[in-house]
Amino acid sequence: MVEVQLRINGTVHTCEIPPQVSLLDVLREHLGLTGTKKGCDQGACGACTVLVDGERINSCLTLAVQYAGREVTTIEGVAGEQGPHPLQAAFIRNDGFQCGYCTSGQICSAIGMLAEHASGAPSLVTEHLAATGAELTDAEIRERMSGNLCRCGAYNGIVDAIREVAT
Ligand code: FES
């Protein structure tokens, strides 16, 4: 066991954990933050997406000990004092879910994705379509969100929600 201090949603947690445990399992099993979901547990579905220092990661693929001293944000931490995060509200308005299992990962991923786009990080779509400019097209949203699967197929609502917040 190792002792590690993790800063999750603004609160520092001191955890005694095996060094090989994933960040996802620490969030869910040790800290009770079950908003982050376990789907495939092998980096294929995106259900476990959280933000580390604002960047999206698959928490199932990473060891919790890697994140000592970093700022981890889960779905429990994205809302502000004024209410839901704009993407949470947009997902509700646009029916961006059906069963909801993938939704926390979708929203965390979309938050990170919009920051990536704002910083000018290219996607496959913008690399192939250089004339796209700064506009976040539906094709680019779909490409940039392609790491987050929705088994219910609520993709149209997800894209609508993200486009609404992006514009
Ligand atoms: Fe991590 Fe599927 S549970 S990518």
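## A tour from the strand 3–4 hairpin to helix 3

Start by selecting residues 49–52 and 55–58: these are strand 3 and strand 4, and four bridges pair them in the antiparallel sense. Strands here are DSSP runs of E with at least two residues, helices are runs of H or I with at least four, and both are numbered from the N terminus. Two strands count as paired if DSSP finds at least two bridges between them. Before going further, please note that this is a predicted model, in which local features need pLDDT of at least 70 and side-chain atom pairs count only at pLDDT 80 or more, while totals for chains, interfaces and linings use all residues. Residue numbers run from 1 along each chain as its sequence is written.

**Along the hairpin**

Now show the residues of strand 3 one at a time. Thr49 stands opposite Asn58 in strand 4, Val50 faces Ile57, and Leu51 has Arg56 across from it. What lies between strand 3 and strand 4? Two residues separate them in a hairpin, and Asp53 in the turn has a positive phi of about 50°.

**Out to the whole sheet**

Keep Leu51 selected and add residues 71–73, which make up strand 5; strand 3 and strand 5 run antiparallel and are joined by two bridges. Here Leu51 stands opposite Thr73 of strand 5. Zoom out, and five strands appear as an open sheet with mixed pairing, in the order 2-1-5-3-4. Strand 2 (11–17) and strand 4 are at the edges; each has a single partner strand, so one side of each is left without a neighbour in the sheet. On average, neighbouring strands of this sheet are turned by 40° against each other, direction ignored.

**Across to the second domain**

Next, colour domain 1 (2–77) and domain 2 (86–166) separately; such bounds come from an automatic or database domain assignment. Their centres, taken over C-alpha atoms, are separated by 22 Å. How many residues of each domain are in contact? There are 14 from domain 1 and 14 from domain 2, where contact puts C-beta atoms, placed from the backbone, within 7 Å. On the side of domain 1 that touches domain 2, strand 3 gives the most, with three residues. That side divides into six nonpolar, five polar and three charged residues (Ala, Val, Leu, Ile, Met, Phe, Trp, Tyr, Cys and Pro count as nonpolar, Asp, Glu, Lys and Arg as charged, and the others, Gly among them, as polar).

**Two helices to finish**

Select helix 2 (residues 86–93) and helix 3 (residues 103–118): their axes come within 10 Å and cross at roughly 130°. Axes are lines fitted to C-alpha atoms, for helices over the stretch in contact, with angles from 0 to 180 degrees between N-to-C directions. For the contact itself, show Leu87, Gln88 and Phe91 of helix 2 with Thr103, Ile107, Ala110 and Ile111 of helix 3. Five of these residues are nonpolar, two are polar and none is charged.

Finally, bring back the hairpin: helix 3 lies across strand 3 and strand 4, running at about 35° to strand 3.

Definitions and conventions: Two residues are in contact if their C-beta atoms, placed from the backbone, lie within 7 Å.
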